[in-house]
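Open the model in your viewer and follow along. Each stop gives a selection and what is there.

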Amino acid sequence: MTVKLSSLDFKKNIEKYKDQFETVSVLDKDGKILDQKTVDSLTDEELVKIMEYMVWARTLDERTIILNRQGALGNYAPAGGQEASQIATMAALHDGDFFAPTYRDVGALTLHGLPLYKGFLWYKGHVAGNQFDEDFQAFVPQVIVGGTILPAAGVAMGYQRQGKENVVMAYCGDAATSQGDFYEGINFAGVYKAPLITIIQNNRYGISVPISKQTKAETLAQKGVSVGIASVQVDGMDPLAMYATVKQAREYALAGNGPVLIEALTYRFGPHTMSDDPKRYRQDDEVEEWRTKDPLHRMRVFLKGKGLWDSDHEEKIVEQCKQDVKEALARMAEEPAMKVSDLLKHMYEVQPQIIREQIKLYEQKEMN
Ligand SMILES: Cc1ncc(C[n+]2csc(CCOP(=O)(O)OP(=O)(O)O)c2C)c(N)n1
């Protein structure tokens, strides 16, 4: 279709993109069903697993905040509030699927199979927290904003070439979608139809910078349109919508259709990290409003209504998590203190001369 320049109106052109994305939801904030067909497509086992994952992760978040305040760990990026977009989606992965997490996703990474003590070591900046078993299908948490997507696209292309029946799931934040790496990653995955599921955890802030100051785009899902891939916006506080969307995206990607971009509308209840004061840039009523959308609350109401959940079940998961934390702390304490020479040994497969010299120097110092 062609158009005469004389009849072109730039303002109207932008308006064409408004309200292009409807938000997928399955449960409302009070646990009422909005999409019965999707609920019917999920087994009781799946529904309970989603809740167990979220309760465990919320407990871990609360415990880790306390441990951080006690000085037992390094810094911590709280994830409370994001359990539907971050944790429920982990429940949709299959054995052999690959996960590319950010610094906010150590809980999710643990549910993917990382021993918790390794996650704790990672928070402490201990080199052993970056050493995963070779057959563990995940990257270490990425601190570089936007840095998850491009390597994840590479793994997805590799899986595709090996004929593996597995997908790669990568997370990033809203601010990360303004980074070049984000576009390059989704573009590459699109060109090669790689089985990459990218979830944008749109919690509305990049530290203190609100989404309105990050981008002029109406939605973040529409960024996928620019590279021609399937893109969807989902209520990121709705565990069933997030879980079912990832399940569907997985099937779509494995059928050879290419990547899917999911924008999850979510919120972090706590600070960006433990050294941040969100009261300086967020209003209390905004936080309270989002707390009414708590993914655990709506899932609890829904499951109780189906007779699949009670407080004893929830208490058992909470206790399990506390026990896991205790054991992880004990295991972490057994780890030998990190040496500077250890740090230098993991940068290169074949060490250049200058690194070899530095290792030798530090090893001599460490012996004295
Ligand atoms: C390339 C890069 N620039 C800046 C930073 C500093 N930084 C750390 S977290 C952060 C905000 C990221 O926000 P978002 O992507 O929305 O994720 P969220 O922290 O909300 O999960 C910034 C700017 C960084 N780690 N990496």
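**Two domains, and where they meet**

Start with the spacing: the centres of domain 1 and domain 2, taken over C-alpha atoms, are 36 Å apart. This is a predicted model.

To colour them, select 16-336 for domain 1 and 338-368 for domain 2.

Next, show the contacts. Which numbers of residues meet here? Five residues of domain 1 contact four residues of domain 2.

Now turn on the surface. Together the two domains bury about 340 Å² between them. Carbon and sulfur atoms account for 68% of that area.

Stay on the domain 1 side and select H126, V127 and Q131. These residues lose the most area to domain 2. Together they make up 80% of what the domain 1 side buries.

Look at the chemistry of that side. Where domain 1 touches domain 2, there are two nonpolar residues and three polar ones. No charged residue is on that side.

How many salt bridges cross the interface of domain 1 and domain 2? The rule finds zero. Polar contacts do occur: two residue pairs link domain 1 and domain 2 this way, both at pLDDT 80 or more.

**The annotated span**

Finish by selecting residues 52-339. An unreviewed UniProt entry annotates this span as "domain: Dehydrogenase E1 component". Within residues 52-339, helix makes up 44% and strand 11%. Draw a distance between the C-alpha atoms at the two ends of the span: they lie 38 Å apart.

How values were computed. Residues numbered from 1 in each chain as written. Predicted model: local features only at pLDDT ≥ 70, side-chain atom pairs only at ≥ 80, totals over all residues. Heavy atoms only, no water. UniProt positions renumbered as here; feature names shortened; annotations may be inferred. Helix = DSSP H or I, 4+ residues; strand = E, 2+ residues; numbered from the N terminus. Domains from an automatic or database assignment. Contact = heavy atoms within 4.5 Å. Buried area = accessible area lost by both parts, 1.4 Å probe. Salt bridge = Lys/Arg side-chain N within 4 Å of Asp/Glu carboxyl O. Polar contact = N/O pair within 3.5 Å; in protein donor to acceptor, adjacent residues only side chain to side chain. Nonpolar A, V, L, I, M, F, W, Y, C, P; charged D, E, K, R; others polar.
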